[in-house]
Every structure is written in C-alpha cells, then in structure tokens.
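I set out to record what I looked up in this model, entry by entry. The notes follow the order in which I consulted the structure.

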Amino acid sequence: MKTKMLVLLLFATFILTDAVEVTNEDPLVSYLLTRIEQLESKIMVKPNTINTNEIAKKSTEQHAIVSAASNDKCACPPAGVVNYVRWGNSTCPYGAVTVYSGVVAGSWYDHQGAAVDPLCLPHNPQYLKYRSGYNGGAYLYGAEYELGGPLDHSHQRNIPCAVCQANSRTTSLMIPSRYECPPGWTREYYGYLMAGHYGHKAATQHICVDKSLEQITGSGGDTNGKLFYTVEAQCNQFIPCSDKELTCAVCTK
Ligand SMILES: [Ca+2]
Ligand SMILES: [Ca+2]
C-alpha cells in the first residue's frame, strides 16, 4: 500500500510540475534524441536540392515587375484586343478567338441606294418589336461569289464568315495587293481582294476574302443578292497594274 501511494505521488508530481529534468546521460533520452534527429533528417529538404540560382532569378524577375508597375511602365506583353472579320471562312486562324461565325449578307447588287457595307450576319438573329410582312426600307440578301477561271469552283456559292478576336494586339490592317504582312506584323489570313461589279448600281466596299473560298453547303444555285468579284488593276492611273486577280492580307500588330 505504501509503495502504491509513493508511485501515485511521483506520477502526480510529473504531471503537475512539467519540470522533470532529463539529461543526455539518460540512455532512454539519448536514444529518443537520436531517433528524432534521424527522423528530422528524413523529412527535411536537403539544402543541395534547392536551385538557389533559380530562386535568385525568380526573385529578380518579380522585383522587376513590381518595380516597373510602381513606375507605371508595364514589363508584361502589351495589353489590347483587336477584332476583324475573316470573310470567306467560318473559323478563325490559330491563335485567334472566334467571337461568332455567320454568313455574309448585304444589299442587292443592283438596287440604287443600297448600303455599301457587307455584314457578317450571325446564324441566330434576335428580334425586338416587329411588324410582320416586308414593309419596305432596307433589305438584306445573302452574298455570292461571282468567279471564273481558277476560282470557278466557288462560282455562285454563298459565303461564310467569322468574327475573330486577336489578343495582345492593338491594331489590324487590310493590305490590298499583298499576301504578306510587313515585318513586325502578324498575318491573320490572306486571299483575294473582292468587290462589286463596276456595272451594277449598288456601290460596294473592298473586302479581303480568305484564299480557301469556303462556301455554304448546298448554296450552288444562282440566287444572286450581294455579289463579290475579284479585282484587277487597270493601267491608266499610275498604279501598279496587271490583269491578274489582286491578292490581300489581313495583318495585326
Ligand atoms: Ca448561290
Ligand atoms: Ca450569281
């Protein structure tokens, strides 16, 4: 009974005081310390596995970005977005985002007072207030290629289009008669310069049509509408001229 009391007293002292002194000379303590060191060496990352050069480089880069931002000089790629229409193709080039794809439409080729601009019309129009029946005013028609020679395979076909978004660019440019872009510019697509027929009443605009001359499936009928012809430069007004079909390129920067 006395022994039991003594053990209980010692145990209570150990719990309550938290001041039990141990020394490295104690074999149990010594063993435990050795095991702890072994475990620590296993879980700790060895210093020579850290690429200090890489850390220093990243730190310098981060410092440069923060420093440039604080000086209002951006060290990142130029911010910006530019949109353009890819006529004659329903998809956008690699690297650009397709905002939507659609069909080329515009005024009737022989209407006096027609609108000149071609539109890339989405496949799913939305309407607000409307009055049924054709009530006069401005009319929209599908657009056809009017082509011959080596491009005859697309003659009378209707034309698809896509509206594209090029990121990290600030400007776009259509260059007539060139299928390459100037140095420093990115070529988005290239193809043939097209416009309306000189003998038709409706005025038109030049557009750059993708060289693929994509066509809308099943549109081979001669239904007319807004018409697009290739362009040739006449030799009477000091311009570079040829009877060859002119090319074009759409470039961004
Ligand atoms: Ca057609
Ligand atoms: Ca036609």
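The entries below go from the overall fold to single residues.

**Entry 1. Confidence.** I noted at the outset that the model is predicted. I looked up the confidence and found an average pLDDT of 83 for the protein chain, with 70% of the residues scoring at least 70. I then looked for the weak segments. Over residues 5–23 the pLDDT stays under 50, and the model has 3 contacts beyond four places in sequence for this segment. Residues 43–50 likewise stay under 50, with 2 contacts beyond four places in sequence. Where pLDDT is low, predicted coordinates should not be read in detail. I therefore take no detail from residues 5–23, where pLDDT stays under 50.

**Entry 2. Architecture.** I counted 3 helices and 10 strands in the protein chain. Read from the N terminus, the order is α-α-α-β-β-β-β-β-β-β-β-β-β. I also checked burial: of the 253 residues in the protein chain, 22% are buried. For contacts between residues at least 6 apart in sequence, I found that 72% join residues at least 24 apart.

**Entry 3. Nonpolar core.** Which residues have the most contacts inside the largest nonpolar core? I obtained Trp87, Ile159, Cys161, Met194, Cys208, Val209 and Phe228, in a core of 32 residues. At least two core residues come from each of strand 1 (81–87), strand 4 (141–145), strand 5 (160–167), strand 7 (186–195), strand 8 (207–210), strand 9 (226–230) and strand 10 (247–252). Nonpolar side chains tend to be buried together in soluble globular proteins. I examined Trp87 next, setting aside its neighbours within four places in sequence. Its contacts are Val104, Ile159, Cys161, Ile207, Cys208, Val209 and Asp210.

**Entry 4. Strand 8.** I asked which residues cover the two faces of strand 8. Ile207 and Val209 are buried on one side, and Cys208 and Asp210 are buried on the other. In a regular strand the side chains alternate between the two faces of the sheet. I then looked up the pairing: strand 7 and strand 8 run antiparallel and are joined by 4 bridges. Within strand 8, Cys208 is the bridge partner of Leu193.

**Entry 5. Cys120.** I located Cys120 in strand 3 (residues 119–122). Is Cys120 buried or exposed? Cys120 counts as buried because it has 21 C-beta neighbours inside 10 Å, and the cut-off for burial is 20 or more. Beyond four places in sequence, Cys120 is in contact with Val85, Gly102, Val104, Cys161 and Val163. I computed the separation from Val163 as well: the two residues are 43 apart in sequence and 7.4 Å apart in space, C-alpha to C-alpha.

**Entry 6. Positive phi in loops.** I searched for residues other than glycine with a positive phi. Ser168 has a phi of about 60° and lies in the loop between strand 5 and strand 6 (172–176). Ser168 counts as partly exposed because it has 14 C-beta neighbours inside 10 Å. Asn224 has a positive phi of about 50°, and its place is the loop between strand 8 and strand 9. With 15 C-beta neighbours inside 10 Å, Asn224 counts as partly exposed.

**Entry 7. Cys241.** I found Cys241 in the loop between strand 9 and strand 10. Cys241 has 13 other C-beta atoms within 10 Å, so it is partly exposed. Not counting residues up to four places away in sequence, Cys241 touches Ala233, Gln234 and Cys235.

Technical notes
Residues are numbered from 1 along each chain as its sequence is written. Chains are lettered from A and ligands numbered from 1 in the order in which they are written. This is a predicted model: local features need pLDDT of at least 70, side-chain atom pairs count only at pLDDT 80 or more; totals for chains, interfaces and linings use all residues. A residue is buried if 20 or more other C-beta atoms lie within 10 Å of its own, exposed if 12 or fewer, and partly exposed in between; C-beta atoms are placed from the backbone. Two residues are in contact if their C-beta atoms, placed from the backbone, lie within 7 Å. A nonpolar core is a set of buried Ala, Val, Leu, Ile, Met, Phe, Trp, Tyr and Cys residues joined through C-beta atoms within 7 Å. pLDDT is the predictor's confidence in each residue, from 0 to 100. Two strands pair if DSSP finds at least two bridges between them.
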